[in-house]
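User: I would like to learn how to read a model like this one, feature by feature. Could you take me through it?

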Amino acid sequence: MKLVVVSAGLSVPSSTRLLGDRLAKATAGRVAADVEVVELRELAVEIAHNFTNGFPGRKLSAAIDAVTGADGLIVVTPVFSASYSGLFKSFFDVIDPEALVGKPVLIAATGGSARHSLVLEHALRPLFAYLRAVVVPTAVYAASEDWGAEGLDGRIERAAGELAGLMAGLSGAKPAVEEDLHVVPFEEQLAALRSAG
Amino acid sequence: MQFGIFSVGDVTADPTTGRTPTERERIKAMVAIALKAEEVGLDVFATGEHHNPPFVPSSPTTMLGYIAARTERLVLSTSTTLITTNDPVKIAEDFAMLQHLADGRMDLMMGRGNTGPVYPWFGQDIRQGINLAIENYALLRRLWREDVVDWEGKFRTPLQGFTSTPRPLDGVPPFVWHGSIRSPEIAEQAAYYGDGFFHNNIFWPADHTKRMVELYRARYAHYGHGTPEQAIVGLGGQVFMRRNSQDAVREFRPYFDNAPVYGHGPSLEDFTDQTPLTVGSPQQVIEKTLSFREYAGDYQRQLFLMDHAGLPLKTVLEQIDMLGEEVVPVLRKEFAVGRPANVPDAPTHQSLLAAAAQGVSVE
């Protein structure tokens, strides 16, 4: 199976990326999965151009394919101005809104203090609910202080267990990725209009 | 194979001078461009249809009728005619009138339009865009093919005993293309009727164009109109040329950087790398255009966008001179190489008339 981490961290090294890596390691320890990391920082310019051009550049296109083709997703954003970062949102804005339907997703965020931890519940969870992804119950927030305190490990393990369970459980039901354009036969389209008229 | 020009008809300030042409100047410039296209041996001129500033061509058949009177050979077309928000009855009438005036030198391309407010301005609902395209076009076909039409549908008032006049020239309805960038439903519609499919690929990477054209070709064959290779395909293109490619890049860059649609976005270099836009020497334009065949197959119509983004008329006319004198003659020769004998040319009034006379179905 394939597990993809989307990290919207901006600094190098980044605690957002660090959290993503920890979550990926814990998940891959429970379910056999190849891990791929998508660093949105490297795609920032192509994401902006996608808005002005209408189509993704090559690197962004490869990242979108990785995300939409994954068996499970771990998405991690820093908290900016009481929400996910604009770059994080922009990446999901350029993906087809149907592309993540039914996909197991673990949501996570980092911040300077624990005061913003509910961002996961009031911003990220509704976003992925809209995209009709299957979001695991445990969302993982890491404030600066959590990197030196007890508790983060336990939340990572719990969330990873939930994601691994979903990935294993849903893998049999996963629809095939559509490589070809889908058409409804034209007679059916015409007939639908006639019956509605 | 046909080569031509298609114009969006945008009124855009020249970014190098800050000057914006008047609407009259822009309309007259479009006519001058069409006349130049005929003069240099191109085959087709197509105008867009828009109902909002900064665009002038709201009334395509008026413009095309005027151009028809001043040309001898040029095929007049549209890019596109809004099948969603125009009354199909008026399309049937307007284009049949144009067909008579132009002695058959015309066809038209259906499109849904990409400007949301046009739908409510014309009393329609954008959420019904595909369904409007399907129902309206089905009616349009009947209006051209049946002398008396009784009709009832979802979107328009019913017709009882209606005859659209004038009847199509020689009893042969105009050939129709369907333009779509990303809707498989429209490729399917074109295939179903055996009509042409135009992919305006100018802002899109090749792999996307390839998928849409392949879908159309496969469905064209599915509906029994011929082999996939015999389907009628048109593509867009966008070029700016100077003898020396560095001069072309230097001169075009301010227009690119400030252009509507892609201005203030990607770099000229990225955009030329990923889309059909070619800024360089005539030889580079030839090479890029020939490469379209690698992913679209042998096709029938190549239209170039030459006159947007505030380029002055004088420059545009120079560009069309180069296109007609240096590029298209080579393209005609090279596209003919290896082209299977059973791949047809784009239908014209004469070819459709001949087919009808032989009793061959052109549906």
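**Reading backbone, fold and contact**

Analyst: Gladly. Let us start with one residue: Ala82(A) counts as exposed, because only 12 or fewer neighbours are allowed for that label and Ala82(A) has 12 C-beta neighbours inside 10 Å. Keep in mind throughout that this is a predicted model.

User: What is the phi of Ala82(A), and where does the residue sit?

Analyst: First the general idea: most residues other than glycine have a negative phi, and most peptide bonds are trans. Ala82(A) is not a glycine, yet its phi is positive, at about 70 degrees. You will find Ala82(A) in the loop between S3 and strand S4 (83-84) of chain A.

User: What is the phi of Arg132(A), and is this residue buried or exposed?

Analyst: Arg132(A) also has a positive phi, near 60 degrees, in a residue other than glycine. Arg132(A) lies in the loop between helix H5 (119-130) and strand S6 (134-135) of chain A. With 12 other C-beta atoms within 10 Å, Arg132(A) is exposed.

User: Which peptide bonds in chain B are cis?

Analyst: Here are two to look at. The bond from Pro53(B) to Pro54(B) is cis, with omega near 10 degrees, and Pro54(B) belongs to the loop between strand S2 (44-47) and helix H2 (60-69) of chain B. Another cis peptide bond joins Ser79(B) and Thr80(B), where omega is about 15 degrees. Thr80(B) is in the loop between strand S3 (75-78) and strand S4 (81-82) of chain B.

User: Now strands, please. With which strands does S1(A) pair, and in what sense?

Analyst: A general point to begin with: in a regular strand the side chains alternate between the two faces of the sheet. In this model, strand S1 (residues 2-7) of chain A is mostly covered, with five of its six residues buried. S1(A) pairs in the parallel sense with strand S2 (residues 34-39) of chain A, over six bridges. Between S1(A) and S2(A) the chain passes through helix H1 (residues 15-28) of chain A, and this β-α-β crossover is right-handed. S1(A) also pairs in the parallel sense with strand S3 (residues 72-80) of chain A, over five bridges.

User: Where can I see both pairings at one residue?

Analyst: Try Leu3(A). The bridge partner of Leu3(A) in S2(A) is Val35(A), while in S3(A) Leu3(A) stands opposite Gly72(A).

User: How is chain B built overall, and how many helices and strands are there in it?

Analyst: Chain B has 12 helices and 12 strands. Its radius of gyration is 20 Å, close to the 21 Å that the globule rule gives for 363 residues, so chain B is as compact as a globular protein of that length. The C-alpha atoms of chain B fill a box of roughly 60 × 45 × 40 Å along the principal axes, and 48% of the 363 residues count as buried. Contacts reach far along the sequence too: among those between residues at least 6 apart, 74% join residues at least 24 apart.

User: What does the record list for chain B?

Analyst: In an unreviewed entry, UniProt lists "domain: Luciferase-like" for residues 1-295 of chain B. Over residues 1-295 the chain is 42% helix and 16% strand, with the end C-alpha atoms 17 Å apart.

User: Could you show me buried positions in chain B?

Analyst: Take Leu98(B), in helix H3 (residues 88-101) of chain B. Leu98(B) is buried, with 23 other C-beta atoms within 10 Å. Beyond its sequence neighbours up to four places away, Leu98(B) touches Thr61(B), Leu64(B), Gly65(B), Ala68(B) and Met106(B).

Analyst: Then compare Gly179(B), in strand S8 (residues 176-179) of chain B. Gly179(B) counts as buried with 25 C-beta neighbours inside 10 Å. Leaving aside neighbours within four places in sequence, its contacts include Ser79(B) and Thr80(B), the pair joined by a cis peptide bond. The C-alpha atoms of Gly179(B) and Phe197(B) are 6.0 Å apart, with their places 18 residues apart along the chain.

User: Finally, how many residues does each chain bring to the contact?

Analyst: The contact takes 15 residues from chain A and 25 residues from chain B. On the side of chain A that touches chain B, helix H2 (40-53) and helix H7 (186-196) of chain A each supply at least two residues. H7(A) gives the most, with five. That side of chain A divides into seven nonpolar, eight polar and no charged residues.

Notes
Residues are numbered from 1 along each chain as its sequence is written. Chains are lettered from A and ligands numbered from 1 in the order in which they are written. This is a predicted model: local features need pLDDT of at least 70, side-chain atom pairs count only at pLDDT 80 or more; totals for chains, interfaces and linings use all residues. A residue is buried if 20 or more other C-beta atoms lie within 10 Å of its own, exposed if 12 or fewer, and partly exposed in between; C-beta atoms are placed from the backbone. Helices (H or I, at least four residues) and strands (E, at least two) are DSSP runs, numbered from the N terminus. Two strands pair if DSSP finds at least two bridges between them. A crossover is right-handed if, with the strands pointing away from the viewer, the path from the first strand over the helix to the second runs clockwise. UniProt positions are given in the numbering used here, feature names are shortened, and annotations may be inferred rather than shown by experiment. The radius of gyration is taken over C-alpha atoms; the globule rule is 2.2 Å times the number of residues to the power 0.38. Two residues are in contact if their C-beta atoms, placed from the backbone, lie within 7 Å. Ala, Val, Leu, Ile, Met, Phe, Trp, Tyr, Cys and Pro count as nonpolar, Asp, Glu, Lys and Arg as charged, and the others, Gly among them, as polar.
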